[in-house]
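Biologist: Before I go further with this model, I would like a close look at a single part of it, a proline and the helix to which it belongs. Please begin there and then follow the connections outward for as far as they lead.

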Amino acid sequence: MSLAVPGPWARPDLPGTLRRHWPLLPLAATVLLLLAPLPAGDATASGKVGPADAASLLLVLVCAAQALRGRVRTLTPLGVLVLGTPAVGLAVATVTAGDPYAALPGFVRYLQVFVLVPAAVVLLVRDAREFRLAAGCFVVLALVQGALGVVQYATHTGASYQGEDVRAVGTFGPGDVMGMATVVAYGLVVATAAALAPGLSRRTRRIAGACALVLVLPLVLSFSRGAWIATFAAALLVMALAGIRRALAVLTALAAAGVVLVGGLGVGSEMVAERLTSITQVSSAPDQSVTDRYTMWAAAESMWRERPAVGVGLKGFPAHRDGHASLGLSSGSDTAGAGQGYIRQPLLSPHNMYLLVLSEQGLIGLTALVGGWAALLVAGLRRLGADAGHAARDCGLIATGLLVWQLTDFLYADIGGPSTVLTGVIVGLAAWWALPSPSPATADASSGR
């Protein structure tokens with residue numbers, strides 16, 4: 001007669017764990033393969049298919065295979081509507097474009113980021129445990145990229161900024177200066193939400209809080225105004241949803257870290273101050289990047305007025321830009337440093353996702369995409385308010401925080417670069433929380449929801 005050793009003292013069943021969670025491997029790879037560096041000196045590499053994009057394709061294929069075997073979660077009619085409607089808007093924008101063949105790559109990219117990857121995440125992530133594994137990959141990615149960025153600042157091997165090679169860009173290089181700032185901000189939001197989640201263990205919350213504090217430094221050294229604003233907005237919302245007492249503790253710690261790093265140690269203090277001041281300098285002595293941004297916003301609005309229903313077509317902004325932009329627009333932005341020589345990069349988008357969609361897809365595409373995001377945000381917030389004692393409340397805080405970060409950042413940025421694929425993962429995680437549905441087969445899969 002043999003006695004089984006129950007509970008946490010039992011020997012870990014690693015083969016069994018891998019068998020249960022192997023469909024998540026492509027999801028983890030989609031996030032973690034962004035650690036792979038871009039080829040030095042190739043400023044155009046950010047527009048090409050990278051390892052993370054290949055992993056996202058594998059994720060979709062695994063999801064399709066699991067769906068054929070009936071081993072995925074079921075979508076409610078609302079879930080099908082929210083996740084599927086953008087495909088209709090994209091198809092309309094492609095068919096009605098002046099050159100549908102030129103618009104086809106844009107259709108594929110949008111379909112990947114806003115339809116296929118989110119749907120795969122919703123269908124494959126079965127419970128709260130798997131959600132936390134996916135969210136943890138964001139923190140790992142942020143810590144590694146952030147550490148590299150800090151080294152770049154300290155050793156003057158980063159991207160060029162105000163004549164010095166000090167801008168933290170991680171492995172993304174100067175051709176994608178927003179890449180590191182984006183992934184570090186994702187990790188900071190996830191860590192902040194986990195640090196505030198009442199359902200997690202004290203040890204987990206402390207580790208998450210320490211990660212959030214550590215990630216403040218590389219985010220500051222990215223000198224990315226849009227990432228700063230989006231992170232501030234998302235962190236405030238997460239803190240408010242978690243409760244005033246917890247929020248004040250974390251906010252005090254984050255503020256103290258910022259004061260010590262910038263004020264006490266002088267880490268990039270003058271550059272940070274100049275960058276913060278430039279946010280409000282719209283009409284009085286704005287820098288050229290601000291002038292370019294608002295000029296392209298005006299051009300995007302002009303394109304929309306020309307074709308308000310369907311826009312100028314996917315990938316149509318660059319071709320129509322000069323016909324709608326004023327003479328105040330420069331020929332491009334200067335990039336250098338981090339192993340790359342001086343390159344003048346053309347300005348091919350308005351750096352505002354909402355205006356990009358409006359100009360290229362018109363009101364039909366904007367309603368399909370932004371309407372779906374708004375529905376996910378409202379449904380996610382309602383579920384957080386209704387399930388105050390939910391065991392997976394940390395998942396709700398993470399999903400809502402990431403979605404709010406993305407929607408805020410879209411005011412100053414649009415899709416482009418290797419980190420774009422993470423946008424699809426974030427929309428999928430937000431939909432997983434906002435649109436609950438029965439999990440397949442196993443009882444433990446549904447218990448985490």
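Modeller: A helix is here a DSSP run of H or I that covers at least four residues, and helices are numbered from the N terminus. In that sense P51 has its place in helix α3, and everything that follows refers to a predicted model. The relative accessibility of P51 is 45%; because buried means under 20% and exposed means over 50%, P51 counts as partly exposed. Leaving out residues up to four places away in sequence, P51 touches L33 and A36. P51 also lies 7.4 Å from L34, C-alpha to C-alpha, although 17 residues separate P51 and L34 in sequence.

Helix α3, which covers residues 51–68, also belongs to the surroundings of helix α2. Within α2 (residues 25–32), the residues P26, L27, T30 and V31 are buried. Viewed down the axis of α2, these buried residues fall within an arc of 140°, so they line one face of the helix. The partners against which the buried residues of α2 pack are α3, α5 (100–124), α6 (128–155) and α16.

The next connection from α3 is a polar one. D53 is buried, with a relative accessible area of 8%, and D53 forms a salt bridge with R109 in which the closest N and O atoms are 2.8 Å apart. Since R109 belongs to helix α5 and D53 to helix α3, the pair ties together parts that are 56 residues apart in sequence. The structure as a whole holds five salt bridges.

Helix α6, another of the partners of α2, leads on to two further salt bridges. E130 is found in α6, and its side chain meets that of R126 in a salt bridge with an N to O distance of 2.9 Å. Both E130 and R126 are buried, E130 with a relative accessible area of 1%. Apart from its neighbours within four places in sequence, E130 is in contact with R20, H21, L24, L124 and V125. The side chains of R132 and D394 likewise meet in a salt bridge, at 2.8 Å from N to O. R132 lies in helix α6 whereas D394 lies in helix α15, and the pair therefore ties together parts that are 262 residues apart in sequence. The two ends of this bridge have unlike surroundings, because D394 counts as buried at 3% relative accessibility, while R132 counts as partly exposed at 32%.

From α15 the path leads to the empty space inside the model. Rolling a probe the size of a water molecule over the atoms shows where empty space is left. A search of the whole structure finds two cavities of 30 Å³ or more. The second largest has a volume of about 40 Å³, and its lining consists of L376, L377, G380, L381, A399, T400, L403, A430, W433 and A434. Helices α14, α15 (393–409) and α16 (420–434) each supply at least two residues of that lining, and α14 gives the most, with four residues. By class, the lining of this second largest cavity divides into eight nonpolar, two polar and no charged residues.

The largest cavity has a volume of about 60 Å³, and V82, L83, P86, F114, L369, G372, W373, L376 and V427 line it. The elements that give two or more residues to this lining are α4 (77–95) and α14 (353–386). The largest share, four residues, again comes from α14. Eight residues of this lining are nonpolar, one is polar and none is charged. L376 takes part in the lining of both the largest and the second largest cavity.

To set these local details in the frame of the whole chain, the protein has 17 helices and four strands. Buried residues make up 52% of its 449 residues. Among contacts between residues at least 6 apart in sequence, 76% join residues at least 24 apart. The pair R109 and D53, 56 residues apart, and the pair R132 and D394, 262 residues apart, are two examples of links between parts separated along the sequence.

Definitions and conventions:
Residues numbered from 1 in each chain as written. Predicted model: local features only at pLDDT ≥ 70, side-chain atom pairs only at ≥ 80, totals over all residues. Heavy atoms only, no water. 1 Å grid on protein atoms, 1.4 Å probe; cavity = no way out; pocket = protein on both sides within 12 Å on 5 of 7 lines; lining within 4 Å. Points joined across faces, edges and corners; volume = space filled by probe spheres on them. Nonpolar A, V, L, I, M, F, W, Y, C, P; charged D, E, K, R; others polar. Buried < 20%, exposed > 50% of the residue type's maximum accessible area, 1.4 Å probe, protein only. Arc of directions from axis to C-beta. Contact = heavy atoms within 4.5 Å. Salt bridge = Lys/Arg side-chain N within 4 Å of Asp/Glu carboxyl O.
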